[in-house]
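Here are some exercises to work through with the model open in your viewer. Try each one yourself before you read the solution.

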Amino acid sequence: MSGAEYDDRQAIHEVVLRYCRGIDRLDMDLVRSTYHPDGIDHHTGFDGGIDDFLTWVEPGLRRLGGTMHLLANHLVDLDGDQAVAETYGQAVHWSEHRQGNFTTGFRYVDHLTRRDGRWAVSERWAVREWTHSETPGSLGTAVGPVGRRDRDDPLYLALARLR
């Protein structure tokens, strides 16, 4: 692997890490910085542009006592100035009164592009693999992208853009 390729992979990984920090610290400017201005997000209960995503996600996050994103596997398919990154993780969501507490296993499937030397998300699928909810009817029951064990999984849809 060349030094330039290593640097690209590291920069892409840091995009994902900054997103998680921004969400967990309620730093919406940091979250915004991980997307291109025309970036699209497909999240549980939401589909749309980054500005609308931030308007949608921030009030729900502020109602919670906190969130913690724990990341695991991270694999990048790189092709010049575009890439698909698949990142596995768990996100813990809690409230001060145990209402709405849930943990979810997810994958971020990100189509990223480098523009003016900066890697950022062009489109993200926040794919929910599983949810454990302590409170029936909590945020963990919303509808959104789900994982599949075949070629219709969001990962393969994103990878098709590299070809």
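**Exercise 1. In which loop is the place of glycine 117?**

Before starting, note that this is a predicted model, in which local features need pLDDT of at least 70 and side-chain atom pairs count only at pLDDT 80 or more, while totals for chains, interfaces and linings use all residues. Residues are numbered from 1 along each chain as its sequence is written, and side-chain values use heavy atoms, with hydrogens and water left out.

Step 1. Find the strands on either side: glycine 117 is in the loop between β5 (102–115) and β6 (118–133). Helices (H or I, at least four residues) and strands (E, at least two) are DSSP runs, numbered from the N terminus.

Step 2. Check the surface. Glycine 117 has a relative accessible area of 63%, so it is exposed. The classes are buried for under 20% relative accessible area, exposed for over 50% and partly exposed in between, with a 1.4 Å probe and protein chains only.

Step 3. Look at aspartate 116, which is in the loop between β5 and β6. Its phi is near 50°, a positive value in a residue other than glycine. Aspartate 116 is exposed because its relative accessible area is 87%.

**Exercise 2. Describe helix α1 and the residue that follows it.**

Step 1. Take the span. Helix α1 has 22 residues and reaches 31 Å from first C-alpha to last, close to the 32 Å expected at 1.5 Å a residue. The expected span is 1.5 Å times one less than the number of residues.

Step 2. Pick out the buried residues of α1: Asp8, Ile12, Val15, Val16, Tyr19, Cys20, Gly22, Ile23 and Asp24. An α-helix has 3.6 residues a turn, so residues three or four places apart point the same way.

Step 3. Move on to leucine 26, in the loop between α1 and α2. Leucine 26 takes a positive phi of about 55° just after α1. At 29% relative accessibility, leucine 26 counts as partly exposed.

**Exercise 3. Where in α3 does a kink of about 25° lie?**

Step 1. Set the frame: α3 (residues 50–63) has 14 residues and reaches 20 Å from its first C-alpha to its last, close to the 20 Å expected at 1.5 Å a residue.

Step 2. Locate the kink at valine 57, shortly before proline 59. The bend is the angle between axes fitted to the seven residues ending at a position and the seven starting there.

Step 3. List the buried residues of α3, which are Ile50, Phe53, Leu54, Val57, Gly60 and Leu61. These buried residues pack against α1, α2 (28–33), β1, β2 (46–49) and β3 (66–79); contact means heavy atoms within 4.5 Å.

**Exercise 4. Trace the aromatic cluster and its arginine.**

Step 1. The structure holds six aromatic pairs. Rings of Phe, Tyr and Trp (its six-membered ring) pair if their centres lie within 6.5 Å; planes under 30 degrees apart count as stacked, over 60 as edge-to-face and the rest as tilted.

Step 2. One of the pairs is tyrosine 19 with tyrosine 35, edge-to-face at 6.3 Å centre to centre and 65° between the planes. It links distant parts of the chain, from helix α1 (residues 3–24) to strand β1 (residues 35–43). Both tyrosines of this pair, 19 and 35, are buried.

Step 3. Ring pairs join Tyr19, Tyr35, Phe106 and Tyr108 into a cluster. Arginine 124 lies over the face of tyrosine 19, 4.2 Å from the ring centre, and its charged end also sits over the ring of tyrosine 108, 4.0 Å from the centre. A charge sits over a ring if NZ of Lys or CZ of Arg is within 6 Å of the ring centre and within 35 degrees of the ring normal.

**Exercise 5. Which side chain does threonine 87 join through a polar contact of 2.8 Å?**

Step 1. Place threonine 87 in strand β4. It counts as buried because its relative accessibility is 1%.

Step 2. The partner is the side chain of histidine 74. A polar contact is a pair of N or O atoms within 3.5 Å; within protein, one must be able to donate a hydrogen and the other to accept it, and residues adjacent in sequence count only if both atoms are side-chain atoms.

Step 3. Compare glutamate 86, also in strand β4 (residues 82–94). Its side chain makes a polar contact of 2.7 Å with the side chain of arginine 107.
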